[in-house]
Amino acid sequence: MRKTVLVIEDDPGIQETLEMALDMEGYEPIIARDGIEALSQLDHTKPVLILLDLMMPRMNGYEFIEALRQRDMFPGIPIIIVTADGRARYKAEQAGAEGYIIKPFELSTLLDEIKRLAQDDFYSPAG
Amino acid sequence: MAADTSHFTTPITLDRDTFMRQLISSLGHLNEGILGSDVAGAYIMNVGLSMSAAIEAEYKQFWGIDRPFTLDEYAHVIVDLKQKIHGNFSLVSKDPAKVVVQTTSCPFDDFVRQSPSLCFMTSSVFGGIAARNFGYGKVAMHKRIALGDPGCYVSIHLKQTPEAEASIGKEYFPETERASPDIAEQLRLMENVRQLRQQLGEINARWEEVVYNAGEAISIAGINSKIIYANARWRDLLGIEGGELIGADYKQIVHLDDQALARQIYDRAFLGQRTVGQELRLQHRDGTWRQALISASPLREEDGCIIGVLNLAHDVTAERENQRLKDDFLTTASHELRTPVTTIKAMTSLLLRVLSKEGALDPAQLIRRLETIQREADRLALLSNDLLNVSRIQAGKMTITPEPHDLNELVESCVQSQRERLSNTSAHSILLRRAPDPLPVAIEYLRIEQVVTNLLDNAIKYSPEGGEITVTTALDGAWAQITISDQGIGIPAADISNLFTPFYRASNASSGHFSGLGFGLYLSRTLLEAHGGSLVVQSIEGQGSLFTLLLPTNA
């Protein structure tokens with residue numbers, strides 16, 4: 001079964017790009033347009049990785065991480081922050097993200113990061 | 001029965017600077033009456049103290065004594081002066097630990113009109129004598145002094161002793177047959193004071209004028225950190241008249257987080273150190289915060305004793321706001337530019353990878369991907385166009401080449417392309433009510449198309465899913481009118497006046513993380529005005545906005 005990756009991104013063009021990239025690499029992409037939509041997606045999907053934009057309407061990336069933390073789902077699912085904000089690295093690390101990619105990115109960089117972090121299944125029983 | 005007052009005769013050497021400080025710091029709420037109306041108040045008091053020394057010396061010489069006054073002798077000086085110069089002041093000593101001189105009017109009213117200051121000076125005369133003769137002195141005004149009501153008490157606190165305890169209830173009256181000194185010298189000194197007061201007033205008036213024109217808010221804080229003088233420029237900075245600040249503590253206007261810093265500046269000044277350009281937040285009367293660069297320096301008397309802190313506040317709120325808008329703009333612009341570039345770059349890489357790996361791609365899918373790239377490239381082109389236009393406008397290089405067009409057609413075409421764009425991405429609907437007849441206008445088509453598209457974009461961007469956007473066109477006298485209304489988040493009332501400022505974004509637009517550069521409306525209004533038209537907005541936060549565009553008809 002294909003591993004699910006949750007993409008949280010408000011821009012339709014980037015959504016489509018990430019969706020295609022994930023699909024091509026053999027993952028099952030699920031798209032949410034902002035943090036709130038992502039939280040409801042998480043009620044019935046179990047991604048192995050989250051690609052997270054920072055600047056989004058309604059609930060931004062940091063607020064989303066905080067919401068995950070409150071639901072005891074973070075730390076747990078690895079998060080790669082994919083943002084146009086080149087100065088956010090420190091804040092992203094502080095927030096607990098495992099990966100940090102600046103838009104525009106090299107496709108290979110993105111795919112390497114995905115491959116690196118989408119290894120374990122957070123939801124599988126230990127052992 | 002004469003009480004034993006020998007315990008009051010112990011001479012105590014009083015450090016003059018210390019006494020001055022204590023005197024000023026005890027003024028408290030009285031600043032308004034004395035120093036507030038009178039920046040020279042400290043000088044007046046100083047003169048009062050010098051006078052007290054002269055008067056004291058004259059009495060002592062006359063009586064042939066070379067020791068501190070007894071309380072009895074002190075009482076005599078007061079009563080004697082009262083008779084000689086028709087003053088209304090008397091010694092009240094209900095509390096043996098204090099000498100209380102009550103001054104209910106100024107005896108020099110017809111001599112010098114500045115009665116509050118002079119009343120204060122009279123008090124300083126008695127206070128000074130008492131302090132030198134009896135010990136620690138603290139001038140405390142027990143009654144607020146206002147013009148026309150110069151009454152006050154001066155209480156000189158002495159040390160409490162068992163002997164003092166025993167003399168409770170005692171009243172002091174001097175032996176009136178004892179001779180009194182000539183007061184001509186005192187009156188001469190009073191005249192000097194009047195002249196000094198006048199000169200200081202003139203200097204002050206000139207100084208105030210210079211400072212006012214320099215555009216700086218100036219204040220003086222006394223030893224107790226309360227403001228004892230503030231010029232008229234505070235009205236511009238904080239919406240407060242200078243006079244209203246008198247008696248206020250800096251804590252009342254400095255931001256909580258900046259108060260330690262303010263304290264530091266103040267303390268440094270008392271150590272003789274200057275502060276230049278320290279930024280503090282000060283609260284405006286309307287509750288908003290102003291950024292001000294504070295410079296502070298010690299205010300000294302002629303002999304070098306520091307009696308206050310001179311503060312200059314330079315308003316940098318507008319500069320900081322501009323800087324913030326520019327920073328926000330750069331962040332947003334960078335985000336807006338990077339987003340389409342990301343798609344173009346990554347999507348192209350993806351297509352190359354797929355094509356090189358598999359050599360073929362479903363044509364329908366290939367077309368769809370290429371369309372995405374094209375759409376993002378268009379977006380990038382539009383954005384760079386906007387950026388170019390803004391820089392042209394700001395450089396004053398925007399020119400319009402008008403040609404006759406039908407505004408109805410333009411609006412219809414804009415609505416149509418927005419509908420096409422919306423059909424596969426969102427649930428918004430656009431309703432168009434067009435005027436029955438053509439709307440002839442002379443416009444540069446692409447510019448006005450840009451304006452209408454921009455306003456439609458906004459209406460969609462700031463509306464919830466399923467929101468309805470209504471566009472109307474109409475002929476209104478000599479004007480062709482377009483209205484665009486939405487049921488979106490609206491614009492907070494506080495933001496409306498700034499809405500057309502370049503790079504300004506309404507608070508609910510930026511906090512809601514809506515993308516945007518903050519120059520769409522600025523650009524739109526400028527373009528319309530370049531056509532002789534106008535753009536106005538009406539909005540209620542949470543309910544929606546209505547934009548009305550007017551262009552002169554070409555009929």
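Angles under 35 degrees count as roughly parallel, over 145 as roughly antiparallel, 65 to 115 as roughly perpendicular, and whatever is left as oblique. Keep that in mind for the views below, which come from a predicted model.

**View 1. Helices H12 and H13 of chain B cross at roughly 45°.** Here we're looking at H12(B), residues 407-423, where its axis comes within 10 Å of the axis of H13(B). An angle of roughly 45° falls in none of the named ranges, so the two helices are oblique to each other. Their crossing is right-handed. On the H12(B) side, the contact is made by Leu410(B), Val411(B), Cys414(B), Gln418(B) and Leu422(B). H13(B) answers with Tyr445(B), Ile448(B), Glu449(B), Val452(B), Thr453(B), Leu456(B) and Ile460(B). Sort this contact by class and you get nine nonpolar, two polar and one charged residues.

**View 2. Helices H10 and H11 of chain B pack at about 155°.** H10(B) covers residues 317-358, and its axis sits 9 Å from that of H11(B). With that angle, H10(B) is roughly antiparallel to H11(B). H10(B) goes past H11(B) in a left-handed crossing. Among the H10(B) residues at the meeting place are Pro340(B), Ile344(B), Met347(B) and Leu351(B). They belong to a set that meets H11(B) residues including Arg369(B), Ile373(B), Glu376(B) and Leu380(B). The contact's residues split into ten nonpolar, three polar and four charged.

**View 3. Helix H16 of chain B is largely enclosed by the rest of the structure.** Eight of the eleven residues in this helix, which runs over 520-530, are buried, and that's why we can call it largely enclosed. The buried ones are Gly520(B), Leu521(B), Leu523(B), Ser524(B), Arg525(B), Thr526(B), Leu527(B) and Leu528(B). So what covers them? The cover includes two helices of chain B, H11 (363-394) and H13 (445-461), along with strands S14 (534-540) and S15 (544-552). You've already met H11(B) packing with H10(B), and H13(B) crossing H12(B). Following H16(B), look for Gly532(B): its phi is positive, near 80°.

**View 4. Chain A meets chain B.** Chain A brings 19 residues to this contact and chain B brings 21. Which element gives the most on the chain A side? That's helix H1 of chain A (residues 12-24), with eight residues. By class, the chain A side that touches chain B has twelve nonpolar, three polar and four charged residues.

Definitions and conventions:
Residues numbered from 1 in each chain as written. Chains lettered and ligands numbered in written order. Predicted model: local features only at pLDDT ≥ 70, side-chain atom pairs only at ≥ 80, totals over all residues. Contact = placed C-beta atoms within 7 Å. Helix = DSSP H or I, 4+ residues; strand = E, 2+ residues; numbered from the N terminus. Nonpolar A, V, L, I, M, F, W, Y, C, P; charged D, E, K, R; others polar. Buried ≥ 20, exposed ≤ 12 C-beta atoms within 10 Å, placed from the backbone. Axes fitted to C-alpha atoms, helices over the stretch in contact; angles between N-to-C directions. Left-handed = near helix turned anticlockwise from the far one by under 90°.
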